[in-house]
Amino acid sequence: MKKCELLMPAGTYDKFDIAMSYGADSVYLAGKRFGLRVMAGNLDNDELKAAVLKAHSLNKKVYVTVNLFARDSDIEGMGEYIQFLSDINVDAIIVADPGIIKFAQSIAPSMRIHLSTQANTLNTYSANFWHDIGVKRIVLARELTLEQIKKIREQTPNSLELEVFAHGSMCMAYSGRCAISSYLTGREANQGFCTQPCRWEYKLTEAKRDDEHFPVQEDEGGLYFFNSKDLNMLPHLNELIETGVDSLKIEGRMKSEHYVAAVCSAYRTEIDRYYDNPSEYAPSERSLGQLQRVTYRPYTTGFFYGEAVRDGQNVKKADYVSQWSYIGKVLEVYDDGDKALVKEFNPFTVGQSFEVLHPDGSYNDITVIGIKDESGADIETAKVPKQVVEVSFDKCVYRHSIIRKRVEE
């Protein structure tokens, strides 16, 4: 049985590195231009080349987004960029615009093309059309149910791969085609500059009473009627795999390294467990618990069961659920693994205990025994964000281990 791919986001090279360590089969990322997440950081050309070389050395893949909805002026420089991606052997580019598909094929005929979810492919006829013009994989629209995905799989050739989103933020607009950001802020989502105004609180006004806000609210907290919950299909992983899709995609190029590590670890563990014994598979509480440790909005199953209209919107608030704090990341280890260089993201002190997530998917409690600053001097507290300190622990850690702590109630 061919194993379903786990495809992780990589908004920066560091997040790419984390995804590789925590078990991703492939990553999707962007260069500095032509993608739909301009504010994610993204990778420069040297980083793109390094990422492809490292992924291929690990028998993993890199897909690069070229998925903006382009005007003629946006095409300038795209030919040279696509040629560069071909020269460094990226495994595919992700495209939404049919004109860019044709343009890319003229520049790099051997380049594999994946069709973005923003092309909103919803039926077998569209899927086969895209396959006929050379698309190798379709990222299906998020609005499909499990049964509809199965039907598309049954009526398309095996040479056409199908990919679906399994986890992460949902867009309130149809397949992500949103105009609200452009209208309200002048920053166009379809050009990569989304400001997420769908998460804001709105009030109703009448045309002749601009200064009067009418009470159309769910409760005293306000009304967030555009605001979507986050997708989470890990509890239903077997049903998603059994639709026959080739790839499970995790959203989150703008999320933290902790998010990438924890979500990748949970899905890697459960995908492997499923294939070890499909007929008796059930998700583990340990993996489900990982998804409660990241920062997230309340979870939903989206459209997979046809219930998103009822269940998918979070009208009461736009806040994240944040029960755990990301303390730091292990950069290097030595002295048998109980001493490490740690990049600090939130303050910690000698004597404090934390939970540590390791790249093999395990996690355990650990205590800080000592801290030294960059000069080698002993300090009691690491409190400068993103500083690198030497930390002694009471147990072993590993490169890319993630240190986290439950937030006190």
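Is Asp 394 buried, partly exposed or exposed? In this predicted model, Asp 394 is partly exposed, with a relative accessible area of 38%, and its side chain meets that of Lys 395 in a salt bridge at 3.4 Å, N to O. Lys 395 is likewise partly exposed, with a relative accessible area of 38%.

That pair belongs to a set of charged contacts, for the structure holds 23 salt bridges. Another of them joins the side chains of Lys 150 and Glu 147, again at 3.4 Å from N to O; because these two residues stand three apart in helix 6 (residues 146-154), they are separated by about one helical turn. Lys 150 is partly exposed at a relative accessible area of 28%, whereas Glu 147 is exposed at 54%.

Arg 153 forms a salt bridge with Asp 246, their closest N and O atoms being 3.1 Å apart. This pair links distant parts of the chain, since Arg 153 lies in helix 6 and Asp 246 in the loop between helix 8 (237-241) and strand 11 (247-250), 93 residues apart. Arg 153 is buried, with a relative accessible area of 12%, and Asp 246 is buried with a value of 12%. Elsewhere, a network of salt bridges links Glu 5, Arg 112, Arg 137, Glu 161, Glu 163 and Lys 249.

Lys 249 also has an aromatic partner, as its charged end sits over the ring of Tyr 28, 4.4 Å from the ring centre. In a similar manner, the charged end of Arg 404 sits over the ring of Trp 324, 5.8 Å from its centre.

Lys 60, placed in the loop between helix 2 (45-57) and strand 3 (61-65), is buried yet has no salt bridge, the nearest side chain of opposite charge being that of Asp 25, 5.1 Å away. With a salt bridge requiring a distance within 4 Å, that separation is therefore outside the cut-off. The side chain of Lys 60 instead reaches the backbone oxygen of Ala 24 at 2.6 Å, and its contacts beyond four places in sequence include Met 20, Gly 23 and Asp 91.

Turning to the rings, a search of the whole structure finds seven aromatic pairs. In one, the rings of Phe 129 and Trp 130 have centres 5.2 Å apart and planes at 70 degrees, so the pair is edge-to-face; Phe 129 is partly exposed at 44% relative accessibility, whereas Trp 130 is buried at 10%. Tyr 274 and Tyr 275 also form an edge-to-face pair, at 5.1 Å centre to centre and 90 degrees between the planes. Tyr 274 is buried at 4%, Tyr 275 counts as buried at 17%, and ring pairs link these two with Tyr 281 into a cluster.

How values were computed: Residues numbered from 1 in each chain as written. Predicted model: local features only at pLDDT ≥ 70, side-chain atom pairs only at ≥ 80, totals over all residues. Heavy atoms only, no water. Phe/Tyr/Trp six-rings, centres within 6.5 Å; stacked < 30°, edge-to-face > 60°. Buried < 20%, exposed > 50% of the residue type's maximum accessible area, 1.4 Å probe, protein only. Lys NZ or Arg CZ within 6 Å of the ring centre and 35° of its normal. Helix = DSSP H or I, 4+ residues; strand = E, 2+ residues; numbered from the N terminus. Lys, Arg positive; Asp, Glu negative; His and termini not counted. Polar contact = N/O pair within 3.5 Å; in protein donor to acceptor, adjacent residues only side chain to side chain. Contact = heavy atoms within 4.5 Å.
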